[in-house]
Amino acid sequence: MKNSYDVVIVGGAVIGSAVAYFLTANPDFTGSVLVVERDPTYVKAATSLSSSSIRVQFSNPINVRISQFGSAFIRSFAETMQVAGEPAPDLNFHPGGYLFLAGTEAQARTLRENHEVQRACGADVVLWGQDELARAFPHLNVDDILLASYGRSGEGWFNNTGLMHGFKAKAREQGADYLTDEVVAIGRDGDRVTSVTLKSGSTITAGTVVNASGPRAALTARMAGLDVPVEPRKRTSFVFDCARTPEGTATVNGGRLPLMIDPSGVFLRPEGRFFLAGCPPVEDPAVDWDDFEPRYDEFEEIIWPALAARSPNFEAIKVVNQWAGHYDFNTLDHNLIVGRHPEVTNFVFANGYSGHGLQQGPAAGRGVSELIVYGGFRTLDLSEVGYERIVENRPFLEKAVI
């Protein structure tokens with residue numbers, strides 16, 4: 001390890017490692033990169049505890065295009081991320097698609113409006129009425145459904161830690177240094193950050209600091225005398241067995257079931273021979289950074305009743321596993337923050353993904369690298385999700401937030 005780096009990235013999970021990969025893969029970048037990660041086991045990282053899905057069904061064109069790039073990148077991952085000539089592990093992408101169900105006129109109107117945006121971006125999404133929905137997924141009760149939105153391609157789920165470790169391995173091969181330590185202070189001289197101080201006692205000079213700290217983003221920003229409206233919000237995931245599984249009964253997509261979002265907000269998807277489910281919490285306070293106790297009652301009180309009403313196949317189910325993870329929740333507008341601080345311009349934010357970090361990681365990593373190398377975005381313009389909107393208290397509108 002050196003005592004000076006051109007770029008120091010605070011946080012080495014999927015976002016930090018994506019930034020490191022895209023920087024070191026760029027022939028126009030000749031600098032040095034250090035990634036500081038406090039826990040290389042990643043046991044409690046948002047990346048590791050994520051349900052690791054990707055969708056293009058958003059309401060804002062930027063989010064649609066971010067996921068379109070992410071989907072293509074994930075599918076070519078094994079080849080792109082070869083290390084020492086050996087393919088990276090296959091991310092085992094399951095192209096199951098997403099299925100949004102609308103039970104009210106307001107929900108149906110939102111699906112129609114979102115669909116116009118998605119189709120304008122070239123997304124392969126269709127709208128269905130009751131009859132089409134029932135034919136495609138005959139296990140569902142559809143009497144209360146006014147409209148459904150189904151992604152026929154470009155959506156699904158994949159290996160979350162595979163994505164992270166693939167980025168990390170390739171970034172290291174390309175010259176990035178990784179250090180197991182914790183940033184406890186950030187030096188600043190006027191409108192520039194100058195260094196990071198580590199828990200081990202070392203101080204490292206930094207040309208640019210990237211905040212990729214996930215749910216701890218606000219702690220990192222405060223070390224530089226800055227602020228970002230990101231806090232940890234708990235989400236509990238449940239894996240359950242099903243006495244009469246409906247997997248294989250679909251008349252589309254080879255019989256595979258999609259990730260379904262019920263009008264109640266409950267979601268589920270196949271997970272091998274089991275199913276994975278979750279729901280938005282009734283109350284959603286910020287939690288302690290080390291609070292990972294599952295909200296066990298959500299399954300019996302919210303998830304199971306909604307699923308049993310939606311399909312007779314889900315009347316007899318049994319939880320076999322559960323865990324809680326954290327969203328790096330952007331309290332302003334629930335969307336990513338990617339960009340420089342307007343005054344402290346060598347401090348770069350890559351935060352606030354609010355549950356979308358894995359699917360948005362490839363595009364965000366590429367975008368941050370472009371800001372550092374070129375001073376602006378070269379591929380997908382992410383200016384609308386920059387830090388300036390935080391200063392101006394100007395939310396970035398996205399209606400399709402799960």
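What is the volume of the second largest pocket? About 410 Å³. A pocket here is an open set of points on a 1 Å grid over the protein atoms alone, where a 1.4 Å probe fits, with protein on both sides within 12 Å along at least five of seven lines. The volume is the space filled by probe spheres set on the points, which are joined across faces, edges and corners.

Some ground rules. This is a predicted model, where local features need pLDDT of at least 70 and side-chain atom pairs pLDDT 80 or more, while totals for chains, interfaces and linings use all residues. Residues are numbered from 1 along each chain, and side-chain values use heavy atoms, without hydrogens or water.

Now the lining, meaning residues with an atom within 4 Å of a point. There are 20 such residues, and Phe100, Gln107, Ile261, Lys399 and Val401 are the closest to the pocket centre. Helix 4 (105-120) and strand 4 (98-102) each give at least two lining residues. Helix 4 gives the most, five. Helices are DSSP runs of H or I, at least four residues; strands are runs of E, at least two.

Next, helix 1, residues 14-25. Its 12 residues should span 16 Å at 1.5 Å a residue, counting one less than the number of residues. The end C-alpha atoms are 16 Å apart, so that agrees. Of those 12 residues, 11 are buried, meaning under 20% relative accessible area with a 1.4 Å probe, protein chains only. Among them are Val14, Tyr21 and Phe22.

Last, an unreviewed UniProt entry lists residues 7-24 as "transmembrane region"; such annotations may be inferred rather than shown by experiment. In the model, that span is 61% helix and 22% strand.

Methods
Buried means under 20% relative accessible area, exposed over 50%, partly exposed in between (1.4 Å probe, protein chains only).
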